[in-house]
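Visitor: I am new to this structure and would like a close look at a single part. Could you take me to the largest pocket and show me what surrounds it?

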Amino acid sequence: MNDDEKQREKHVTGATVWLTGLPSAGKTTIAYELAARLRAGGHRTEVLDGDEIREFLSAGLGFSREDRHTNVQRIGFVAELLASNGVTALVPVIAPYADSREAVRKRHAAEGTAYVEVHVATPVDVCSERDVKGLYAKQAAGEISGLTGVDDPYEEPASPDLRIESQNQTVQQSAAALHALLIEKGLA
């Protein structure tokens with residue numbers, strides 16, 4: 001077996017790493033930092049960004065509970081498909097409802113695909129200060145409603161594989177903690 005074959009064999013295990021949390025919690029920033037680390041280690045990695053998915057895969061869905069559930073299930077399907085084919089799928093998506101996340105976890109378990117749930121547990125006041133997309137300001141001004149964690153529910157994971165408090169550490173530290181967990185689980 002040559003070095004290329006050894007490298008491919010070493011990295012055939014894929015996984016879905018779901019980063020859930022409020023808007024502006026830091027999910028996507030952490031995912032991209034982790035993706036760079038994983039790629040540097042030779043892992044096939046994709047980031048399934050929630051905003052991009054909404055634009056290209058879930059266009060036409062609104063923000064009702066039913067539509068949010070459908071969106072999460074679509075993303076979960078794509079993530080499992082990638083993971084079952086040796087890709088580490090990083091999924092920074094709010095996924096506000098516990099039952100939706102549990103359905104994704106069960107799909108992965110049924111297929112024998114690794115699934116890691118990470119709660120980016122940034123408090124709403126910190127998220128509203130960051131306000132990356134201006135959503136908190138729009139909600140405060142009455143321009144939008146249904147903002148997760150403000151006037152729409154966010155059900156925190158009861159027992160995530162990792163809880164990251166992004167307000168207490170750097171992006172690099174957050175990604176390093178998640179990378180260490182993946183190594184511990186044999187997924188990186």
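Guide: Here is a walk around the largest pocket, followed by the salt bridges and cores that involve some of the same helices. Please keep in mind that this is a predicted model.

Let's start with the pocket itself. The largest pocket holds about 720 Å³ of space. It is lined by 29 residues, and the closest to its centre are Pro 23, Asp 51, Ile 94, Lys 133 and Leu 135. Sorted by character, the lining has 13 nonpolar, nine polar and seven charged residues. Three helices each supply at least two residues of this lining: H2 (27-40), H3 (50-56) and H4 (65-84).

Two of the residues named at the centre, Lys 133 and Asp 51, are worth a pause. They form a salt bridge, with their closest N and O atoms 2.7 Å apart. Lys 133 sits in the loop between helix H6 (124-130) and helix H7 (135-140), while Asp 51 belongs to helix H3, so this pair ties together parts that are 82 residues apart in sequence. Asp 51 has a relative accessible area of 42%, which means that it is partly exposed.

Now follow helix H4, another of the helices that contribute to the lining. Arg 68 forms a salt bridge with Asp 152, and here the closest N and O atoms are 3.7 Å apart. Because Arg 68 lies in H4 and Asp 152 in the loop between H7 and strand E5, the pair links parts 84 residues apart in sequence. Arg 68 is buried, at 7% relative accessibility, and Asp 152 is buried as well, at 19%.

Helix H2 has a salt bridge of its own. Arg 37 pairs with Glu 33, with 4.0 Å between the closest N and O atoms. Both residues lie in H2, four residues apart, or about one turn of the helix. Arg 37 is partly exposed, at 29% relative accessibility, and so is Glu 33, at 24%.

Besides lining the pocket, H2 takes part in the largest nonpolar core, which has 26 residues. Those with the most contacts inside this core are Val 17, Leu 19, Leu 90, Val 118 and Leu 178. H2 gives the most to this core, with five residues. Leu 90 is in contact with residues that include Val 17, Ala 31, Leu 34, Ala 35 and Leu 38, leaving aside its neighbours within four places in sequence. Another core lies apart from this one; it has twelve residues, among them Val 72, Ile 75, Val 93 and Ala 95.

Conventions
Residues numbered from 1 in each chain as written. Predicted model: local features only at pLDDT ≥ 70, side-chain atom pairs only at ≥ 80, totals over all residues. Heavy atoms only, no water. 1 Å grid on protein atoms, 1.4 Å probe; cavity = no way out; pocket = protein on both sides within 12 Å on 5 of 7 lines; lining within 4 Å. Points joined across faces, edges and corners; volume = space filled by probe spheres on them. Nonpolar A, V, L, I, M, F, W, Y, C, P; charged D, E, K, R; others polar. Core = buried A, V, L, I, M, F, W, Y, C linked by side-chain atoms within 4.5 Å. Buried < 20%, exposed > 50% of the residue type's maximum accessible area, 1.4 Å probe, protein only. Contact = heavy atoms within 4.5 Å. Salt bridge = Lys/Arg side-chain N within 4 Å of Asp/Glu carboxyl O.
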